[in-house]
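Reader: I am new to this structure. Please take me through it in short steps.

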Amino acid sequence: MFKPKWQAAVAVAGVTALALSGCSSSTTESSSKGGSLTVGTTDKIVSLDPAGSYDNGSLFVMSQVYPFLMNSKPGSATPEPDIATSAKFTNPTTFTVKLKKGLKFANGDKLTSSDVKFSFDRQVSIADPNGPSSLLGNLKSTEAPNPTTVKFHLKTKNDQTWPGVLTSAAGPIVDEQVLSKTKVTSDDKIVAKKAFAGPYQIASYKKNNLVSYKKFDGYKGILGTPKTATVNMKYYSDPTNMKLDVDKGSIDVAYRTLGPTDIESLSKKKNLKIHKGPGGELRYIVFDYNTMPFGAKSDNPDPKKALAVRKAMADSVDRAKIAKQVYKGTYSPVYSAVPSGFLGSAEPMKSMYGDGNGGPDAAKAKKTLKDAGIKTPVKLHIQYNSDHYGASSSDEYAMVKSQLESTGLFKVNLQSTEWDTYQKDRVKDVYPMYQLGWYPDFSDADNYLTPFFLNDKPGQAFLQNHYRSTKMNKLIHAESSEPNKAKRKKDIVAAQKLVAEQLPILPLLQGAQVAVANKDVTGVTLDASFKFRLGTMKK
């Protein structure tokens with residue numbers, strides 16, 4: 001039995017220190033073929049085998065060298081057939097994909113429906129703890145009735161997230177003649193056997209040091225022909241060195257992850273351009289319903305008073321100030337569990353709390369606590385982590401503490417714990433309220449609802465903060481299986497409003513994708529698919 005797909009997603013959310021935000025995309029035009037480019041990153045590759053990695057650094061490589069059944073065109077986040085001619089539900093529990101004819105891997109092996117079935121079957125059977133097999137929790141079986149047809153038989157009907165799952169880390173198609181059916185295959189074997197069929201193949205490979213990509217002419221998907229024949233990827237352990245290299249022109253592009261201060265500094269350089277795009281990262285506070293003030297297992301449990309504390313905190317925080325002063329505008333305020341840019345995203349908390357326009361209101365917070373019969377100051381124990389969500393977390397939560405205490409309504413005990421301990425303790429009710437971050441598995445509003453708030457089975461939601469709502473469960477089941485987009489949007493909006501009313505989490509910030517490039521580089525594309533496209537760039 002597989003874990004629900006969201007249970008492993010927190011790993012991706014934590015690996016990144018990515019800053020993402022907004023609802024637009026950054027794309028510059030590129031039209032002709034160039035020679036070579038060098039791109040820098042501080043991300044790390046865990047494995048080139050899709051069954052053995054579930055992190056941004058590995059997915060970056062996979063997005064360049066493996067084909068997907070579903071993908072999105074540069075500038076878009078809408079799943080479309082990639083190496084397929086069609087992909088759709090042929091009955092409520094069957095998603096049928098028709099492959100293009102004549103597909104091949106770079107080594108000459110034919111790419112058929114047998115490879116597709118192999119790719120998904122091995123993900124499920126290997127179920128590596130570092131892999132993304134949990135994303136396939138709704139997959140009952142995969143069938144390949146002929147060389148160009150694949151049928152995914154699903155457990156639940158009309159799964160509207162399934163096309164998105166096929167674009168995710170669980171979706172790369174691999175060569176069954178090369179990769180093992182039963183275990184994770186080594187990077188060296190994959191590179192040596194040229195088991196690639198994406199826009200690029202890997203010409204040379206020094207893991208987390210230097211990867212050289214060479215254009216693969218056999219790719220027939222929607223990403224098109226790469227604008228640059230050769231792209232070299234340089235890996236940095238220190239973002240400061242990457243900043244210096246892009247500043248002096250030793251690399252053409254720096255992508256992930258420069259700090260807010262570095263980006264602000266580089267933005268003043270005439271030879272560089274800062275590219276920002278829509279982001280999916282959500283930074284938020286989780287309330288433990290058992291151990292927060294007036295929680296179910298506190299000394300004086302009272303759910304109405306506990307809700308009043310959460311509401312008063314929502315009235316008191318100044319998100320815009322945190323975004324501007326701590327993150328130099330690389331993050332933006334967020335007023336919902338679903339960041340902007342997704343189907344149905346809304347901002348219910350903006351009008352419900354504070355001054356009604358996104359700002360804080362201490363008088364309103366005071367009234368909320370007084371009406372609930374709560375004596376002030378309320379003692380709050382807030383935990384955060386600085387080695388998993390970026391060094392700026394310390395400044396972020398110092399400001400949260402300052403903002404809450406400045407109202408005179410709260411006294412905050414702020415503590416930090418290293419990630420190894422943090423991730424274990426947070427699910428043991430050790431922290432009454434604590435920091436988390438989230439990076440989506442695929443571009444869909446459901447990825448901010450189901451993983452967080454669907455709780456109709458024990459231990460289901462990864463938050464594990466003891467929040468349960470029958471109404472929320474019904475809304476999530478409705479939106480995730482509703483084929484009509486307008487009806488689905490209505491359910492997604494209703495779910496966000498319920499989150500705002502009940503406040504199991506307090507969303508604070510939404511990040512922005514950022515890349516810094518020399519001004520002679522065109523085609524830098526940062527869109528809501530959250531996939532960086534090497535093939536669109538040239539100089």
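Reader: How far apart do the C-alpha centres of domain 1 and domain 2 lie?
Author: This is a predicted model, in which local features need pLDDT of at least 70, side-chain atom pairs count only at pLDDT 80 or more, and totals for chains, interfaces and linings use all residues. Residues are numbered from 1 along each chain as its sequence is written, and side-chain values use heavy atoms, with hydrogens and water left out. The chain is divided into domain 1 (37–278 + 514–518) and domain 2 (282–511), with bounds from an automatic or database domain assignment. Their C-alpha centres are separated by 32 Å.

Reader: How many residues of domain 1 are in contact with domain 2?
Author: Contact means heavy atoms within 4.5 Å. On the domain 2 side, 18 residues take part. On the domain 1 side, the number is 18.

Reader: Which feature does UniProt place at residues 78–457?
Author: The span is 27% helix and 23% strand, and its end C-alpha atoms lie 31 Å apart. Helices (H or I, at least four residues) and strands (E, at least two) are DSSP runs, numbered from the N terminus. UniProt positions are given in the numbering used here, feature names are shortened, and annotations may be inferred rather than shown by experiment. The unreviewed UniProt entry gives "domain: Solute-binding protein family".

Reader: Which strands are at the edges of the open sheet of 4 strands?
Author: Two strands pair if DSSP finds at least two bridges between them. The order is β5-β6-β8-β7, and the pairing is antiparallel. Pairing on one side only marks the edge strands, β5 (84–91) and β7 (139–146).

Reader: Which residue in β8 is the bridge partner of serine 141?
Author: Strands β7 and β8 (residues 149–154) run antiparallel and are joined by 5 bridges. For serine 141, the partner in β8 is histidine 153.

Reader: What angle does the direction of helix α3 make with that of β7?
Author: Helix α3 (residues 113–126) packs on this sheet and touches β6 (94–99), β7 and β8. Axes are lines fitted to C-alpha atoms, for helices over the stretch in contact, and angles run from 0 to 180 degrees between N-to-C directions. The angle with β7 is about 160°.

Reader: Why is one side of β15 and of β17 left without a neighbour in the sheet?
Author: This open sheet has 6 strands in the order β15-β19-β14-β18-β16-β17, with mixed pairing. Its twist averages 30° from one strand to the next. One side of β15 (331–333) and of β17 (410–416) is left without a neighbour because each stands at an edge with a single partner strand.

Reader: Which residue in β17 is the bridge partner of histidine 381?
Author: Strand β16 (residues 378–384) pairs with β17 in the parallel sense, over 7 bridges. The partner of histidine 381 is asparagine 413.

Reader: Which helix gives the largest share of the largest nonpolar core?
Author: A nonpolar core is a set of buried Ala, Val, Leu, Ile, Met, Phe, Trp, Tyr and Cys residues joined through side-chain atoms within 4.5 Å. The largest one has 73 residues, and Leu380 is among those with the most contacts inside it. Leucine 380 touches residues including Val309, Met313 and Phe410, not counting those up to four places away in sequence. The largest share, 6 residues, comes from helix α8 (residues 303–316).

Reader: Is phenylalanine 530 buried or exposed?
Author: Buried means under 20% relative accessible area, exposed over 50%, and partly exposed in between (1.4 Å probe, protein chains only). Phenylalanine 530 is found in the segment after β21 (525–526). Its phi is near 65°, a positive value in a residue other than glycine. At a relative accessible area of 9%, phenylalanine 530 is buried.

Reader: What is the relative accessibility of threonine 182?
Author: Threonine 182 is in the loop between α4 (162–166) and α5 (187–192). It counts as exposed, with a relative accessibility of 62%.

Reader: What is omega for the peptide bond that joins threonine 376 and proline 377?
Author: Most peptide bonds are trans. Proline 377 sits in the loop between α11 (362–371) and β16. The bond from threonine 376 to proline 377 is cis, with omega about 5°.
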